[in-house]
Protein chains: 2
Amino acid sequence: MAIPVASTTLSRTESINLGALSLVCVAVLVRTLEGDGEPLIASLALSGFAFAATYATIRWLGPTFIKAGLKGRDLSKVNNSHYLPECMGAVCAIVYLLIIIVFIPFPFYKDIVVATSGGGNRDVVMNVEFVEKGRLLHKFPHSKVCLSPSSSSIGSYKQYSPEYTLATNKNPLQLASFLSAIISLQSITLLGIGDDLFDIRWRHKFFIPAFASIPLLIIYFVDFGVTSIVLPTFLQPYVGRELFDLGILYYGYMAAFCIFSPNSINILAGINGIEVTQSIVIALLLAFNDALYLFTPYPHPATDSHLFSLFFLLPFLGVSFALLYHNWYPARVFVGDTYCYFAGMVFVVVSILGHFSKTLILLLIPQIFNFVYSVPQLFGLVPCPRHRLPHFNARTGLLEPSVTKWDKEKQPHPIIAKALHLLAQFRLLRLKQDEDGRIEETSNFTILNLWLVWRGPMREDRLAIEITVMQTLVGLFGLFVRHRLALLIFREDNLSIRSAV
Amino acid sequence: MAIPVASTTLSRTESINLGALSLVCVAVLVRTLEGDGEPLIASLALSGFAFAATYATIRWLGPTFIKAGLKGRDLSKVNNSHYLPECMGAVCAIVYLLIIIVFIPFPFYKDIVVATSGGGNRDVVMNVEFVEKGRLLHKFPHSKVCLSPSSSSIGSYKQYSPEYTLATNKNPLQLASFLSAIISLQSITLLGIGDDLFDIRWRHKFFIPAFASIPLLIIYFVDFGVTSIVLPTFLQPYVGRELFDLGILYYGYMAAFCIFSPNSINILAGINGIEVTQSIVIALLLAFNDALYLFTPYPHPATDSHLFSLFFLLPFLGVSFALLYHNWYPARVFVGDTYCYFAGMVFVVVSILGHFSKTLILLLIPQIFNFVYSVPQLFGLVPCPRHRLPHFNARTGLLEPSVTKWDKEKQPHPIIAKALHLLAQFRLLRLKQDEDGRIEETSNFTILNLWLVWRGPMREDRLAIEITVMQTLVGLFGLFVRHRLALLIFREDNLSIRSAV
C-alpha cells in the first residue's frame, strides 16, 4: 500500500478528457453568447472550465508548493516518509475567484449602462447619443418583477418606465452584493493562505473568518440594512408583532455565523478527502434547495436570491470535485486550512446574501455536533493534544479512535470525571479504567473518533464515505424539516405561494 | 556600519506616539460620525490608523516572516549575514484592504437603502414602513448634481423626485466601482504574495498584473462600457468628429496599462527605500492633482472621480509611510514584489476609474524611461544577469554602476556593438574597452546604474534621495504640462470651466 509519488504532468488520457471538457464548455459558452445569454448555462459551462483548470493546476504546481515549504506528511499511511504538497485549497480558491469574476458580465451586462448613461463621472461630458446602446438583455431579474406590492413609491416609477426602474431598482444592488461576496471570498483566501504559511495559533486563527466577514457585514449594512427577523407564530402574541428588529444584534448574529461556518468545517478534518466531501455535500444540498425555487410553475419572490446562490455554488462544485480527485484516499495533496475557510465562507456568503442562513444551519448539523462535542477539549476541560485525528494502526492498516492519556497522578476533576463516565455510559465516549477505577484514557472528542467508537476500526476511505453518507442523510432531513415543518412555527414559507406572493 | 538587528517590539516612545496617533484618529472619526459624516475627514483619520497599524504590525511580524521562509539578505551592506524579513508589502496591502473596506459606509451609507426599499430580494416580503429609514446623508455626490444637461431622459426622473434619482443614478454605480477597485487590489495582493512565495520566472510574472486587471476591465465593461476617446484637435478634421470609438482596443489599452504600471515600479528597484519613495511621490502628486479639482470655487463635473481617487490614495500613503520607515536605509525589512505590484495597481485603479489615465502616464515618466532603457536586457539583446542592482563597493561603502562582462570570444553582434558605442558616446552607458577595441564590460541598463554613471559613486541613501527628487521634479513638470499645455491639443481641459460644464 505504497503512496503513489505525485506525478507532475497530466497523463495522455487526462489531457484528452480535460481538453474535451474545456472544448465542450467553450462551445456552450459561445452558444450562450450568441443566444439570449442565459447566465445559468454560462455558469455551468464556466464551472466545467473551473474543474479542468483546477485539476491540471493542482497537478502542475505540486513540486512548486513543496519547494516553497507548503508540504506535509500523511500520518495515516504505512509509508509516510514522502512529503505531499499542502495548501492546495489556495489553487481552488484562486481559480474559483478568476472564474467568478469572468462570469460577472453574463448576469449583469448592459442592464446598468442603459439605465445610467454610463456612470456619469467622466471628465468629458457626453451626449446621450454617444452612450453605447448594445443589446438590452435584462438578464438578471428575468423580466419578472418581484417587488413587494406595498412598496408603492417605487411602484409608481415602474409605471412611468418599467425598463428603467427594473434596471436601477435591482441590478446595481445585486451587482454590489455580488462584488461584496467576491471581496469576502478573496479576504478569506488571503487570510487562509496566511494561516497555512505562518501556522497561526489555534486561539488566534479562530477569529480569522471574522476579518473576512467585515466586507460582507459592511456591504449588508450599506446595501440592505434590514435587521428585522420574522418571529415564530407562537411567540408573536407575547411580542405583539410579526417582525422583531434585532438591530445591532443582527450583525452580531451574522458575524458569529461567519466565524462558525468556516471553523466548523476546519475542525471536521484529519482524514483524506473529508474536508472536501463534506463541503461538496453541503454545496449540493444548497444547490438542490436553490433548484426548488427555480423550477416552480409560478414566479417566486426569492428566485433571484437562489439564482445568485447557484452562481456561486456551481463553480465551487467545479473546483471542489477537481480537488477531491487529488485529495481522495490515498491523498496526493492536502487541502490546507485555506480550503476549509474558503468553503465555509462560500456557504455563509450565499446564505446571508440570499437570506436563507437558517437553512444553512440545518445543513451544518454534523459540524455543529462536532463543534459542541469538541468543546470539552477546545476549552481545555479535557487535555487537547496537537492533533486529534484518528489513530492509524500500521499493523492492521485501519483507523482506530485516538485517545487522550490520563496520568495516574493527574486525574480529572471529580465533576469532569463524572461527566466522562456519563458520556461513556451513553456510548458517546470510549473510556478505559484501571482496576482502581482511575481513568486511563478517553477517546478524543471529535465526530470521527466517535464514529470509530461506534462502528469499530475501519479503513480511512471507508470512514470518509460513511461520514459523507451520514452528512447527506442529515442534510436531506434538514431540508425536509425546513420545507415541510417550518409552517408549524412560521406563518409563511418560501414554497407557500399563498402567503409569499 | 552594522545593520541593526531587527527588534520585534515597539519601544516606549513608539508605543506612546502610535497610541496617541490612534487616539486622535478615533476622536476625529467619532466627530465625523456625530456630524455630517464628511468622508474625506474620515478617510484622513483612517489613513492615520493605517499608518499606526502597519508600523506596529511590520515590527511584530518580522520573525514570523523569516520563520516562514520569507527572508533575504541585503547585498549592499558590509555585514550582510543577517536575514531580513521579505515581502512586508503584504502587510501593507492587507492593512490597506481592511481599512478601505471599513471605510465603505462613510461615503455610501444610506443612500441606497432609501432608494430601493432594501434590496428587494428577501424571502419575506416587507412592507415599506418596515424599511429602516436612518439619516439621509447623501454623502457621495455632495448634493451637487453633475449629470450632463443633454441626458434628458434621466433629467425628467430627476424632476419627479430629485432625491430618488440622485441616489439610484450615481451611487450604486460608484459603489460598484469602489468594490471593483477593491477586488482588483485584492487580486494583485494574492498574486503578488504567490510571486514572492514561489519565485515565479520573470517571463511569467510579467503577466501577473494582467490577471488582476480582469476584475477592473470586467466591471468597466459592465458598468461604463464607454470606449470612446476625445481626439486631439489637430486630428479632428481628418477623422471628421470629436470622439473616436476605440471599441475593444480601449480594453487592450487598459489591460496594457494594468500590466505596465505595476511592473514598471517593480523594475525600478534594488536599493533600500526606492520602491516605496517612488510610489509615495506618485501618490502625493496624484493626490495633489485631485485636490486641484476639490478646491475649485465652482462645482466641477470630475469632482466625484477625484474624491474617489483621494479615498484610495490617502490610506495608501498611510501604509506606505509606515513601510518606508522600516525599509529606509539601512533597511530592516524588504518590501517584496507584492508592494510594487500593489502600488502600481492602486495608481491604475484610481486613474482608470477616475478617467485620468493619461495624467498617470505623465507621472510615470521615470518608470517609462527605465523600462525603455531596460529593453535591450529584458529582451535578451544584451546578456541580463539575475540581479542588476548597483554594485556595492565594500571598501568605500559606496554604490557603483553594476556591469555586464563581455567575454573576449563572445563579443556582441556588430550592430549591437555599434549601438552600445553610440549610447556610450551620449553618456547613456559606461563602456570599457580593451586595447584592441573589444568591449570588456558595459553598465547594466537601469536608471539607477545610469544615475551612478552620471553622478559618480554615492551612498545608497543618497542615491535613493536623488532619484526621488528627480521623480518629484519630473512629475510636477508632467502635471504642469497636463494642465497648462493640454489645451493646445485638446479643445477642453478639466480645469477649464467654460467648456467642461
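Helices here are DSSP runs of H or I with at least four residues, and strands are E runs of at least two, both numbered from the N terminus. The model is predicted, so local features need pLDDT of at least 70 and side-chain atom pairs count only at pLDDT 80 or more, while totals for chains, interfaces and linings use all residues. Residues are numbered from 1 along each chain as its sequence is written, chains are lettered from A and ligands numbered from 1 in the order in which they are written, and side-chain values use heavy atoms, with hydrogens and water left out.

**Exercise 1. Take stock of chain A: how many helices and strands are there, and what share of the residues is buried?**

Step 1: Count the elements. Chain A has 20 helices and nine strands.

Step 2: Check the burial. Buried means under 20% relative accessible area, exposed over 50%, and partly exposed in between (1.4 Å probe, protein chains only). By that yardstick, 58% of the 501 residues in chain A are buried.

Step 3: Look at contacts (heavy atoms within 4.5 Å). Take those in chain A between residues at least 6 apart in sequence, and 73% of them join residues at least 24 apart.

**Exercise 2. Walk along helix 16 of chain B: what span is expected for it, and where does it bend?**

Step 1: Work out the span. The expected value is 1.5 Å times one less than the number of residues. For the 14 residues of helix 16 (residues 365-378) that gives 20 Å, and the end C-alpha atoms sit 19 Å apart, so the two agree.

Step 2: Find the bend, taken as the angle between axes fitted to the seven residues ending at a position and the seven starting there. At B:Val372 helix 16 of chain B bends by about 25 degrees, and B:Pro376 follows within four residues.

Step 3: See what is covered. The buried residues of helix 16 in chain B include B:Phe371, B:Tyr373 and B:Pro376.

Step 4: Look just past the end. After helix 16 of chain B comes B:Gly380, with a positive phi near 80 degrees.

**Exercise 3. Follow the rings from A:Phe51: which kind of aromatic pair do A:Phe51 and A:Tyr55 form?**

Step 1: Set the rules. Rings of Phe, Tyr and Trp (its six-membered ring) pair if their centres lie within 6.5 Å; planes under 30 degrees apart are stacked, over 60 edge-to-face, and the rest tilted. Over all chains, the search turns up 43 aromatic pairs.

Step 2: Classify. A:Phe51 and A:Tyr55 are tilted, at 5.9 Å centre to centre with 45 degrees between the planes. Both sit in helix 2 (residues 39-67) of chain A, four residues apart, or about one turn of the helix.

Step 3: Compare cover. A:Phe51 is partly exposed because its relative accessibility is 23%, and A:Tyr55 is buried because its value is 5%.

Step 4: Hop onward. A:Tyr55 also makes a tilted pair with A:Tyr325, at 4.9 Å and 40 degrees. A:Tyr325 lies in helix 13 (residues 303-327) of chain A and A:Tyr55 in helix 2, so this pair ties together parts 270 residues apart in sequence. A:Tyr325 itself is partly exposed, at 40%.

**Exercise 4. Place B:Gln186: is it buried or exposed, and which residues does it contact?**

Step 1: Locate it. B:Gln186 belongs to helix 7 (residues 162-198) of chain B.

Step 2: Read the area. With a relative accessible area of 2%, B:Gln186 is buried.

Step 3: List the partners. Setting aside neighbours within four places in sequence, B:Gln186 contacts A:Ile182, A:Ile183, A:Gln186, A:Ser187, B:Leu97 and B:Ile101.
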